[in-house]
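Q: Could you take me on a close look at the empty space inside this protein, and at the parts that surround it? I am new to reading structures, so a step-by-step tour would help.

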Amino acid sequence: MNAAEPQPVLTPITEAAIFLVLTVNPGSEEELRTLLADVGGLRRSVGFRIPEGALTCVVGLGCRLWDRLFGTPRPAGLHPFPDFAGPRHSAFGTPGDLLFHVRAQRLDLCFEFAQRLTSRLVAFAQVVDEVHGFRSFDERDLLGFVDGTENPEGASALAAVVIGDEDAAFAGGSYAIVQKYLHDLDAWDALPVEEQERAVGRSKLSDIEMADDLKPANSHVALNTILDDNGEQQQIVRFNMPFGRVGAGEFGTYFIGYARTPDVIEQMLTNMFIGKPPGNYDRILDFSTAVTGNLFFVPSADFLDDPPTPTPARAPAAETEDSTLPLDDGSLGIGSLRAASP
């Protein structure tokens, strides 16, 4: 049997991206199954007109939607996004059944594809979060630091992201965790550069990581370095993008991390919000607030092209949790968007 082809997760960094998170109405499973099989053809129709634009789309499915679409078994790591409630800062799961991560070298390609995609979904799904990301100077985020420096490359990236024999029924798949962070740039920019560097764990200009004996234990780099029992670093692949609305004073980073198991990213988030040890939380969180949180399974391209029919043991379509329902007030439902003052 040929190995399942992964979705285009491991593609070069692009100039633009659109992140769409949607909820899907119960009872619309057949319509969605048909749409999933058509995503590849729709992408080809839009992207073929400007092939150098490198349009791609990655589709992710939340655990409750998976149960409704396919029943059992679930992919081994697919579960609701955990809550990370720390001493000062927290991250919570927010509504989201379906993720579309759309990337291209031109925003117009992303926009055209997203428009055509959502026109197919409008009858049975609602967009609950939409972010238009852009590539910033030197791959920097809006805090002024290079983002994604430690992404693995080549075979190491493939090993970090793509499921293998450990969950053979879902080989070729991956997991994606997404969070939208809003930054208090006024407070951040008031910090001396040296203090910003201590919060991140890297030099701002050269992007060189601090030596271990100089790197603060509560720096972002220190808390996001995860070692296994053998002392080997566990890798993920990030494709974060800056976004914002200057008139509204909104400046942020859309975090998207791919991995072959969500455990690595969830350990990073535990370290960041709860602390390692508890209480030693990520200093950046004094300036950046997580306002969304979702975990998705990213099935193989072969799976999407021909989605399986539900098993007889499928979960009931009716949901008792409101995470599958749209929010009526436009809120993301987790309170204030501004972090506590440092």
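A: Happy to! Let's start with helix H8, which gives the most residues to the lining of the largest pocket: four of them. Please keep in mind that this is a predicted model.

How do we find such spaces at all? Rolling a probe the size of a water molecule over the atoms shows where empty space is left. In the largest pocket, that space comes to about 660 Å³. The pocket has 34 lining residues, and the closest to its centre are Asp147, His220, Asn224, Arg238 and Asn240. If you want to find the walls on your screen, colour strand S7 (174–183), helix H7 (220–223), strand S10 (250–259) and helix H8 (263–273), each of which supplies at least two lining residues. The lining is a mixture by class: 15 residues are nonpolar, 13 are polar and six are charged.

Now for the other kind of space, the cavity. How many cavities of 30 Å³ or more does a search of the whole structure find? The search finds one. The volume of the largest cavity is about 220 Å³. Its lining is made of 20 residues, and nearest its centre lie Ile13, Glu139, Asp147, Phe239 and Asn240. The elements that give this lining two or more residues are strand S5 (98–104) and strand S9 (241–245). By class, the cavity lining divides into six nonpolar, seven polar and seven charged residues. Look back at the names for a moment: Asp147 and Asn240 are listed close to the centre of the pocket, and they are also listed close to the centre of the cavity.

Glu139 deserves a pause. This residue sits in the loop between S6 and H4, and its phi is near 65°, a positive value in a residue other than glycine. Is Glu139 buried or exposed, or something in between? Its relative accessibility is 25%, so Glu139 counts as partly exposed. Asp138 is found in the loop between strand S6 (125–134) and helix H4 (154–161). Asp138 also has a positive phi, near 55°. With a relative accessibility of 55%, Asp138 counts as exposed, because the cut-off for that word is over 50%.

From H8, you can follow the chain into another loop. Pro277 lies in the loop between H8 and strand S11 (288–290), and a cis peptide bond with omega of about -5° joins Lys276 and Pro277. A cis peptide bond also joins Thr72 and Pro73, with omega of about 0°. Pro73 is placed in the loop between H2 and strand S3 (84–85).

Helix H2 (63–70) leads us to our last stop, since it is one of the elements that the buried residues of H1 pack against. Among the others are strand S1 (16–24), helix H3 (107–121) and S5, the strand we met in the cavity lining. The buried residues of H1 include Leu32, Leu35, Leu36, Val39 and Leu42, along with Glu29 and Arg33. H1 has a kink of about 40° centred on Asp38. How does its length work out? At 1.5 Å a residue, the 19 residues of H1 (29–47) should span 27 Å, and the end C-alpha atoms are 27 Å apart, which agrees.

Key: Residues numbered from 1 in each chain as written. Predicted model: local features only at pLDDT ≥ 70, side-chain atom pairs only at ≥ 80, totals over all residues. Heavy atoms only, no water. Helix = DSSP H or I, 4+ residues; strand = E, 2+ residues; numbered from the N terminus. Expected span 1.5 Å × (residues − 1). Bend = angle between axes of the 7 residues up to and from the residue. Buried < 20%, exposed > 50% of the residue type's maximum accessible area, 1.4 Å probe, protein only. Contact = heavy atoms within 4.5 Å. 1 Å grid on protein atoms, 1.4 Å probe; cavity = no way out; pocket = protein on both sides within 12 Å on 5 of 7 lines; lining within 4 Å. Points joined across faces, edges and corners; volume = space filled by probe spheres on them. Nonpolar A, V, L, I, M, F, W, Y, C, P; charged D, E, K, R; others polar.
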